[in-house]
Amino acid sequence: MAINYNKEQDKLKTGKVEQRMVYESGNEMAAYAAHQINYHVMGYFPITPSTEVAQFLDAMKARGEHDIKLIPADGEHGSAGICYGASVGGGRVFNATSSNGFLYMLEQLPVQSGTRFPMVLNLVNRSVSGPLDIHGDHSDLYYALNTGWPILLARDPQAVYDMNIMAIKLAEDAEVRLPVIVAFDGFFTSHQKRRVQTIAERKDVHDFIGPVPKGYVNALDRDNPVTIGPYMNEPDYINNCYQQSMAMYRAEKVFERIASEYAELTGRHYPLLDLHRMEDAEVAVFLLNSAAEITKDVVDRLREKGIKAGSISPNMIRPFPQKQIAEALKNVKAVVVGDRADSYGGYGGNMVNEVKAALQTYGNGDTMVISRIYGLGGKDFYADDAEHFFQLALDAVEKGYVEKPFDYWGHNPGDPDKAPKRILEPLKKEELNTGLIKVNKDEETGKLKVKIPPLRALTKKPKRIAPGHGACPGCGIFPGLELFFKGIEGDIVALFQTGCAMVVTTGYPYSAHKTTYIHNLFQNGSATLSGLVEMFYERKRRGELDEYGLGDDFTFVMITGDGGMDIGMGPAIGTALRNHKMIILEYDNEGYMNTGSQLSYSTPLGHMTSTSNVGKYQGGKPFHHKDTPQIMAATNIPYVFTGTEAFPQDLLKKAAKAQWYAQNEGLVYGKILITCPLNWKSKEELGQDIVGAAVNSCFFPLYEVEHGITNITYDPEEKNKRIDVKDWLSLMGKTKHLTTPEYEESLKMFADEVERRWRKLKAKHEHPDL
């Protein structure tokens, strides 16, 4: 059922339960609703702009405000797997994601809907790469349309809260039993603060949604063993799909019932369609979510001029409210459907084609439909834009036809005079080949002999990355990278996975990279570069690269960090096992810093991040960091090393070795520890001191694994420079709590693990067979 505009709706509502007014963002309200529902499990992985949902829940968990088990995954694919596994266990499950993260989990979603296990996923809409854009449009949302999940829309933070409360009830309804998506606009809604009415007492929320339904299949029923997700042939498969399809269509009526119940409870009603002054409209605009709110004001202004305008915005698009839309448009002469994403090659986005189908299905061949793609990449939608859309409809009515059925709105024609021009000339080969670094293989021992000059002798070697990028003050990434690159002779091609180093050095049309640079997604950098490496060698073998003047000193380097070796671990191991001639260099800042300092698997035990908060009920990250160099060494690649700018000669020598192995034998992996003053809560000028202390505390030992033989290249115990791990932790605000008596047990656990790993490493150093 659809309702028309009523000015009383603009007033704050009162219902049967006590409510409280808050002033919060969409992400905060998604987290607030989840904490009131008190889900059993949330599997998550950080991605802008949905990351805050997990952050807010973790902060509440630290204060003891809910019991949700928050599980940080190694990527969105893993988070979806966690959620599916939790769902088959019969409890309530929650997640939040965006953009390419949603696409990464996409193959898991039809599994969940096809096996009929409820949960709620908040999809905070953002542009899908590439190129990379972190702002809001609906390109990820449109990928959700065929997943078999009912989709609710939330146009503002109030709707985010309300839809989340209703979503779990819809998902668990006996007539539905499907996972549900709640979608809202990234940044426009996710980060915008508005007044929101919330149900004051958790008990009232629980009374509304009810207990977890019983009587359904779950994997934890010992007396009723079941097979979940069997292989299925026809006709069983088509029958299963038919049952799922019927459940999806039933979700429409169920949602209407739930929305009516919720309206009685809170005074806020969400019909299938949000219709604004459509009762006698002759021209209309159809938009999703936040942009639709702007359109309402334009409708009111046009009405004052005597123009019969109206707006339509659905609160649910799966199932698509086809009949209701056809009814709302039956007397409309022209409607503009704005899609905030394109269905390339389909002459319009998904919504316009579904609106056309609705009109055709219900026998309306008179209403003219105009398609416009707008607002991509977070481009703002203003009242002027809405007025333009209405003018398109008015023009069509006046002419009796649509002059241009499909087009983009808001794009600009290119200007050849403004094409990006090269500012920095390509680096000269003779400047990159100093001849000062010598690497030779001892044929008798098989070991490399490296000769490097004093660091000052390499100061004339040009930097690979230009100054003027957007890194935070004191960021350790670029001193670490540039020091490593000083040890590399000749030309390089660098691939940067998504992360701080990528984001701050490239912002079209500008780039800080003086050499060829490639970007690919968080999880796939190593695989991508391995493809380029093999293309290089194959084209070189065929003599196709002679015209480019590429010599044998060409070196391929992949830069990863900000947790990139979590989501990218699988492809990195595959690349290592294939032993491509390239270098994987990880800068380790101990977290996902580019998305707001969430924990990564390289975050040490007890360290505070935005998803491992410190409070009365938890004390930072609850598990130990992974030892990535040892994992990569287990793949039997030629060379693995660790380094830091605090020991420059050590890192230079390892860089030279890395290049030799990458050019002659195969894959190299290196990890350099770098500081992140912003999120480590440390002083900018103490970067080298902090990473140096990490080395001297034996938390970050400097060593190399060469053909399986471990060699510690700096031993603080031999130098009488070893310090207590507590002395290192005291230098950072994120770990100062570990130095207090309250966290003495956590400190001991961390120190014991540091000591265990150090002793194990020393044993490998002393016994080559280990």
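Q: How many residue pairs are in polar contact across the interface of domain 1 and domain 3?
A: The rule finds ten such pairs, with both residues at pLDDT 80 or more. A polar contact is a pair of N or O atoms within 3.5 Å; within protein, one must be able to donate a hydrogen and the other to accept it, and residues adjacent in sequence count only if both atoms are side-chain atoms.

Q: Before I go on, what kind of model is this?
A: It's a predicted one: local features need pLDDT of at least 70, side-chain atom pairs count only at pLDDT 80 or more, and totals for chains, interfaces and linings use all residues. Residues are numbered from 1 along each chain as its sequence is written, and side-chain values use heavy atoms, with hydrogens and water left out.

Q: Okay, which stretches belong to which domain?
A: Domain 1 covers 6–216 + 232–266, domain 2 covers 273–408, and domain 3 covers 473–713 + 730–766. These bounds come from an automatic or database domain assignment.

Q: And how far apart are the C-alpha centres of domain 1 and domain 3?
A: They lie 35 Å apart. The contact (heavy atoms within 4.5 Å) takes 23 residues from domain 1 and 24 residues from domain 3.

Q: How much area is buried between domain 1 and domain 3?
A: About 1,600 Å², and carbon and sulfur atoms give 63% of that. Buried area is the accessible area (1.4 Å probe) that two parts lose on being put together, summed over both.

Q: What's the salt bridge count between domain 1 and domain 3?
A: Zero! A salt bridge is a side-chain nitrogen of Lys or Arg within 4 Å of a carboxyl oxygen of Asp or Glu.

Q: Which helices supply the side of domain 1 that touches domain 3?
A: Helix H2 (51–62) and helix H4 (99–104) each supply at least two residues. H2 gives the most to that side, with seven residues. Helices (H or I, at least four residues) and strands (E, at least two) are DSSP runs, numbered from the N terminus.

Q: Back to salt bridges: how many does the structure hold?
A: The structure holds 46. One of them joins Glu201 and Arg20, with the closest N and O atoms 3.5 Å apart. That pair links distant parts of the chain, 181 residues apart: Glu201 sits in the loop between strand S8 (194–199) and H8, while Arg20 is in strand S1 (residues 19–24).

Q: New topic. Is the peptide bond from Thr48 to Pro49 cis or trans?
A: Cis, with omega near 5°. Pro49 lies in the loop between strand S2 (41–44) and H2.

Q: What about the bond between Glu234 and Pro235?
A: A cis peptide bond joins that pair too, and omega is about 5°. You'll find Pro235 in the loop between helix H8 (202–209) and helix H9 (236–266).

Q: And is the phi of Asn38 positive or negative?
A: Positive, about 60°, although Asn38 is not a glycine. Look for Asn38 in the loop between helix H1 (26–37) and S2.

Q: Why point those out?
A: Because most residues other than glycine have a negative phi, and most peptide bonds are trans.
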